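Here are a few short exercises to work through at the bench or at the screen. Try each task on your own, then follow the solution step by step.

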Amino acid sequence: MIHLTFPDGSVREFAAGTTGRQVAEGISKSLAKKSVAMTLGGTLTDLSDPITADASIEIVTREDPRALELIRHDAAHVMAEAVQELFPGTQVTIGPVIENGFYYDFARPEPFTTEDLPKIEAKMREIITRNAHFTKEVWSREEAKRVFAAKGEAFKLELIDAIPAGQDLKIYKQGQWFDLCRGPHMASTGQIGSAFKLTKVAGAYWRGDSTKPMLTRIYGTAWHDQVELDAYLHMLEEAEKRDHRKLGREMDLFHFQEEGPGVVFWHSKGWSMFQELIAYMRRRLRPLGYQEVNAPQLLDKSLWETSGHWGWYKENMFAAQSAGDDTEDERVFAIKPMNCPGHVQIFKHGLKSYRDLPLRMAEFGAVHRYEPSGALHGLMRVRGFTQDDAHIFCTEEQMADECLKINDLILSTYADFGFGEVVVKLSTRPEKRVGSDAVWDHAEAVMMRVLKTIEEQSGGKIKTGILEGEGAFYGPKFEYTLRDAIGREWQCGTTQVDFNLPERFGAFYVDSDGTKKTPVMIHRAICGSMERFLGILIEHFAGHFPLWFAPVQVVVATITSEADGYAEAVVDKLRAAGLRAEVDLRNEKINYKVREHSVAKVPVILVCGKREAEEGTVNIRRLGSRDQVSATLDQALADLLAEATPPDLQRKLAAAA
RNA sequence: GCCGCUUUAGCUCAGCUGGUAGAGCACAUCAUUCGUAAUGAUGGGGUCACAGGUUCGAAUCCUGUAAGCGGCACCA
């Protein structure tokens, strides 16, 4: 006999080998009907598994949040069955559950197209209606290999070989169809329900390895019910509406064109945001003891050989030479992909003393990297971008303190832009690296302490984690990931400790005892790339920027030409006070003007008609609201100015008051 | 870079199985002076991404190139 503990704490006795389904039936017929799986000791398993030892048990019904994973996984199996039924000869490979759904990778000479999806989906619904039971068998390696080889499933053979010896080889069957799978699965295909949809086809490398064959992946999404599915599809539509590439065009912020893949043409309004962002960062850096520098765009290849970039980063670099037909100058220059070598040159210029450390060198550095063509994505991944870069030359003792100072700067910057949820991850030594294990041990220990402090200081608000083996080859690093308004995560900031570059360039400082010492170099970026950060901001705010950041803050719109003179006086006054304001005197109806500027996402429309001109007032309409407020021009100006003050300056004003 | 798809006016898109281009918005002109999300009329605008090929004839079919999109790989 065995003893099973139920969620309510009760303990009941069962015969050893009782299955989860029998347990559920013992409780009630309706529970048995609704149940899709069980947890034993907290682990999700098949209802059909015989229970052989004492354990805590919980019957999982289809409504349970934990069932969603099973719904998706089962849907993947059913999709694979549907595909093999419709397209005989297609090999199946792997089909895991992912966020919001599932996919399955298939090998077939002819790739699938989007037109195939409805057919596959219809077949899936047919299979689900058959409601075949999922059954599990444990096969021997030899048998499994024989059966899959006979079916022509070459990829499955590879998977079987990859399963560690001693681990059971499980086969799940639904009707005639079966697949190698670690499970668990629900009771039958009917429990998948109908709230699923196949979303896209894409290529994917076998085992995620670009040297291996390309398979066809079909993605699907699956949910408990239609309401959840609809909500998800709606969310996708909303995300599409705030796509920064779309908004960039609609709001006239920037464009790309064929001659410049991955490089941005910033239009006036977009550039205004770009400059506002840089101005903000500059104001933040100044009181923190940073010095801003500017290193050349183009440097002789030899310098990049010294830095090591020419050796291991060449594939990602652009090179330039004199283009003249008759030139005798054969020198090859590289367009900088990073600012660090330039900064080391500045550091090296003139003798540095330990008294100069920590030396914090910042640059809004434009860099160019030859990114793979398939990686380019709007502003998010470009070939020419501006980093809010800085390098801190310091001693090992100063390292931890500097990392914490950078952390403060990063977190407060994100907060000013409305990002409260931040994750900080420490990336540790990769396989390919420079420096002795002792140096890495020490650096990682320091960084680990810093990470702990970061978590403690935030009072638990900042989540932390470790990325094993993800560090740069020259040192460990912190990666800062923020979460936007619709829950997507973006890696932006980074702090990297570097024991390599200063030494390569022979950079040193004179220590208190008169000896030459090599400084530690900390690379850090907050926005990462200004372009990318702006892309994130556009999507985060869906174009509805806070007043201080909006490219056009105010439009003064007239109703009839009678108020033209007054409107011009108003806009002059707003501009003189430092606001980015435009005036709209066109011979158009006010409805038309309000619509147009609302669509353009201008935060404030000041309507000036005859009445306002006579009274010296303005009529204020805020974006997203139909309400209008009347105020005197002076009052409105004062209010707008206060609101348009960037958050860092507001803090400064508050501190002074 | 790899797999698939796409590329027609500034934007969004239509153009069936080949017979040499069309809409809405935008733009310009004229009329309208109208109080909070589209006033009306008229007009201009396209070597159909680029280069080849098939054909009497190509936006349409084929090949290549480029860029973009969705993934994968990459992302110091």
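**Exercise 1: Two phenylalanines and their rings**

Phe545 is buried, with a relative accessible area of 6%. Keep in mind throughout that this is a predicted model.

Task: Is Phe549 buried or exposed, and how are the rings of Phe545 and Phe549 arranged?

Solution:
- Step 1. Buried means a relative accessible area under 20%.
- Step 2. Phe549 has 1% relative accessibility, so Phe549 counts as buried.
- Step 3. The ring centres of Phe545 and Phe549 are 6.0 Å apart, with 65° between the planes.
- Step 4. Planes over 60 degrees apart count as edge-to-face, and the pair of Phe545 and Phe549 is edge-to-face.
- Step 5. Phe545 and Phe549 also belong to one aromatic cluster, whose members include Tyr280, Phe533 and Trp548.

**Exercise 2: A second pair**

Task: How many aromatic pairs are counted in the model, and what is the geometry of Phe254 with Phe256?

Solution:
- Step 1. The count comes to 28 aromatic pairs.
- Step 2. For Phe254 and Phe256, the centres lie 6.0 Å apart and the planes meet at 80°, so this pair is edge-to-face.
- Step 3. Now add accessibility: Phe254 is buried at 5%, whereas Phe256 is partly exposed at 30%.

**Exercise 3: Charges over rings**

Task: Which rings have the charged ends of Arg72 and Lys173 over them?

Solution:
- Step 1. Start with Arg72: its charged end sits over the ring of Trp223, 4.5 Å from the ring centre.
- Step 2. Turn to Lys173: its charged end is placed over the ring of Phe178, 6.0 Å from the centre.

**Exercise 4: A glutamate in a helix**

Task: Where does Glu121 lie, and is Glu121 buried or exposed?

Solution:
- Step 1. Glu121 is part of helix α4, which spans residues 116–130.
- Step 2. With a relative accessibility of 15%, Glu121 counts as buried.
- Step 3. Leaving out residues up to four places away in sequence, Glu121 touches Phe196, Lys197 and Leu198.

**Exercise 5: Two helices that cross**

Task: At roughly what angle do the axes of α9 and α16 cross, and which kinds of residue make the contact?

Solution:
- Step 1. The axes of α9 (residues 268–285) and α16 (residues 530–541) come within 11 Å and cross at roughly 110°.
- Step 2. Angles of 65 to 115 degrees count as roughly perpendicular, and α9 and α16 are therefore roughly perpendicular to each other.
- Step 3. Among the contact residues are Met273 and Phe274 of α9, and Glu531 and Phe533 of α16.
- Step 4. Sorted by type, the contact residues are nine nonpolar, no polar and one charged.

How values were computed
Residues numbered from 1 in each chain as written. Chains lettered and ligands numbered in written order. Predicted model: local features only at pLDDT ≥ 70, side-chain atom pairs only at ≥ 80, totals over all residues. Heavy atoms only, no water. Phe/Tyr/Trp six-rings, centres within 6.5 Å; stacked < 30°, edge-to-face > 60°. Buried < 20%, exposed > 50% of the residue type's maximum accessible area, 1.4 Å probe, protein only. Lys NZ or Arg CZ within 6 Å of the ring centre and 35° of its normal. Helix = DSSP H or I, 4+ residues; strand = E, 2+ residues; numbered from the N terminus. Contact = heavy atoms within 4.5 Å. Axes fitted to C-alpha atoms, helices over the stretch in contact; angles between N-to-C directions. Parallel < 35°, antiparallel > 145°, perpendicular 65-115°, else oblique. Nonpolar A, V, L, I, M, F, W, Y, C, P; charged D, E, K, R; others polar.
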